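I opened the notebook today to go through this one piece by piece. My plan was to look at the nucleic acid first, then at how the chains meet, then at the strands.

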Number of protein chains: 2
Amino acid sequence: MINNEREQIAFANLSWRPCDIANEINYHLLMLDVDQRLRDHGLKVTAPRVSVLDVLRQATGHLNADEVHARLGMAGLEIGRATVYRVLAQLEQVGLVQRSVLEAGRSVFEISRGPRHDHLVCTRCARVIDFSDAEIEARRIEAAGSKGFVVVDHRLVLLGHCAACRAVTGSV
Amino acid sequence: MINNEREQIAFANLSWRPCDIANEINYHLLMLDVDQRLRDHGLKVTAPRVSVLDVLRQATGHLNADEVHARLGMAGLEIGRATVYRVLAQLEQVGLVQRSVLEAGRSVFEISRGPRHDHLVCTRCARVIDFSDAEIEARRIEAAGSKGFVVVDHRLVLLGHCAACRAVTGSV
DNA sequence: GTAACTGCAAATCCTTTGCACAATG
DNA sequence: CATTGTGCAAAGGATTTGCAGTTAC
């Protein structure tokens, strides 16, 4: 039905593929459980919510609220900006979407693909590279613990210069 | 002269004391070199700049732009909000002040006290604890390097529950 | 049918800018 | 005295909110 159609389209355009166990589990969670996940949180399954998820699923990188709104528009979906903001916040709470503050003043969003990861942001070309490091993760919890702190979540942004930009300028 | 007065007042109210070499060096830098540091960057030594530094020096934690503005007002200094923003940005560039984006939508500022550090934010009481960890620091650069990335700066915020709040609720 | 959702426009919040006047070096 | 800095008010961008109409369950 509509659900299936949606999933096939999303799958066809997907920029990533399930490749290891974590991703596969996550993939199924992502593709199949969305409706239930929404209902579990008392959210009705509506066109705006489903569409926003689709946009984020099909996006390669991170999108800010306005970009999401624009892509919905390009897809012929007239959804108000306010609704986009509301939906993004709700999806974040449900855990389907991850919000990051990569630059002061605005948030960017992406589909949750496994545990929270961190970001490398190139200050020259604005490219964003995802990464995660188990050692940092562990050390982080330890360091916080030594201050009596229990870590629930985190945000790490590394600002610097990516390989491509360094190659261009020949500098660091 | 005026300079000396200012330094004595600042010292009297200071919430921290030089205790190790790094802090001591930093302390002198903080208290004595400010005027020169401003001039070195082509900034004139003006009342707003000096006052903002004093406010931040005497603050225990982090202040947002509006709080800085308010404290200046309480001290009888009528300085425009726009100037506060401008001054904070300039002091950040000079390296006398450190800006952090602990929550989306606004920045907080504090006096630079040594190398950039990270923040633990308690999601229950909003308390902010500074910390830094050499191992995370090193690992971070390494992890980024493996992606061809040279790290210039970073932002790490750990969200969780502080000891005090956990004690109160008896939970994690 | 009712509670939840949406669109629109207006409101809000933080921050920046334009410009005439004022102060520093 | 020339450049840089400041205050004010207005502009700016991102996000939220109030409310009347609409939809999912």
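**Entry 1: around DNA strand C**

I sorted the residues of the surface near DNA strand C by class and got 8 nonpolar, 6 polar and 8 charged. A caution to myself before going on: this is a predicted model.

Which residues come nearest to DNA strand C? I found 22 residues around the strand, and the nearest are A:T46, A:T83, B:K44, B:Y85 and B:R106. Both protein chains are on that list.

Next I asked which part of the strand the protein meets. Of the atoms of DNA strand C within 4 Å of the protein, 67% belong to sugar or phosphate, and bases make up the rest.

I then went through single contacts to the phosphates. The side chain of A:T46 has an N or O atom 2.6 Å from a phosphate oxygen of DNA strand C. For B:Y85, a polar side-chain atom lies 2.7 Å from a phosphate oxygen of this strand. For B:R106, I noted 2.3 Å between an N or O atom of the side chain and a phosphate oxygen of DNA strand C. As for the elements that give two or more residues to this surface, chain A has α4 (47-58) and α6, while chain B has α6 and β3.

**Entry 2: around DNA strand D**

I repeated the search for the other strand. Here 22 residues surround DNA strand D, with A:Y85, A:R106, B:T46, B:R49 and B:T83 the closest. Sugar and phosphate account for 68% of the atoms of DNA strand D that come within 4 Å of the protein.

By class, the surface near DNA strand D divides into 8 nonpolar, 6 polar and 8 charged residues. The elements supplying at least two residues each are α6 (81-94) and β3 (106-111) of chain A, with α4 (47-58) and α6 (81-94) of chain B.

I picked out three contacts to DNA strand D. A:Y85 has a polar side-chain atom 2.7 Å from a phosphate oxygen. A:V45 uses its backbone: an N or O atom there lies 3.2 Å from a phosphate oxygen. What does B:K44 meet on DNA strand D? A polar side-chain atom of B:K44 lies 2.8 Å from a base oxygen.

**Entry 3: where chain A meets chain B**

I counted 38 residues of chain A in contact with 37 residues of chain B. The area buried between chain A and chain B is about 3300 Å², and carbon and sulfur atoms give 66% of that. On the chain A side, A:F149, A:R155 and A:L159 lose the most area to chain B, together 21% of what that side buries.

I also looked for polar links. There are 19 residue pairs in polar contact across this interface, and 4 salt bridges. I looked up a salt bridge between A:R139 and B:E135, whose side chains meet at 3.6 Å, N to O.

Which elements of chain A touch chain B with at least two residues each? They are β2 (97-103), β4 (118-122), β5 (128-131), α7 (134-145), β6 (150-161) and α8 (163-169). β6(A) gives the most, with 12 residues. That side of chain A has 22 nonpolar, 6 polar and 10 charged residues.

**Entry 4: strands**

I followed β6(A) across the interface. It runs antiparallel to strand β6 (residues 150-161) of chain B, and 11 bridges join the two. A:H154 stands opposite B:L158 on that partner strand.

Within chain B I traced an open sheet of 3 strands, in the order β1-β3-β2 with antiparallel pairing. Why do β1 (63-64) and β2 (97-103) each have a side without a neighbour in the sheet? They stand at the edges with a single partner strand each, so one side of each is left free of a neighbour there. I found 5 bridges joining β2(B) to β3 (residues 106-111) of chain B, and B:E103 stands opposite B:R106 in this pair.

**Entry 5: salt bridges**

Over all chains the count comes to 18 salt bridges. I checked one inside chain A, where the side chains of A:E137 and A:R140 meet at 3.1 Å, N to O. Both lie in helix α7 of chain A, 3 residues apart, about one turn of the helix.

Terms used:
Residues numbered from 1 in each chain as written. Chains lettered and ligands numbered in written order. Predicted model: local features only at pLDDT ≥ 70, side-chain atom pairs only at ≥ 80, totals over all residues. Heavy atoms only, no water. Contact = heavy atoms within 4.5 Å. Buried area = accessible area lost by both parts, 1.4 Å probe. Polar contact = N/O pair within 3.5 Å; in protein donor to acceptor, adjacent residues only side chain to side chain. Helix = DSSP H or I, 4+ residues; strand = E, 2+ residues; numbered from the N terminus. Nonpolar A, V, L, I, M, F, W, Y, C, P; charged D, E, K, R; others polar. Pairing = 2+ DSSP bridges. Near = heavy atom within 4 Å.
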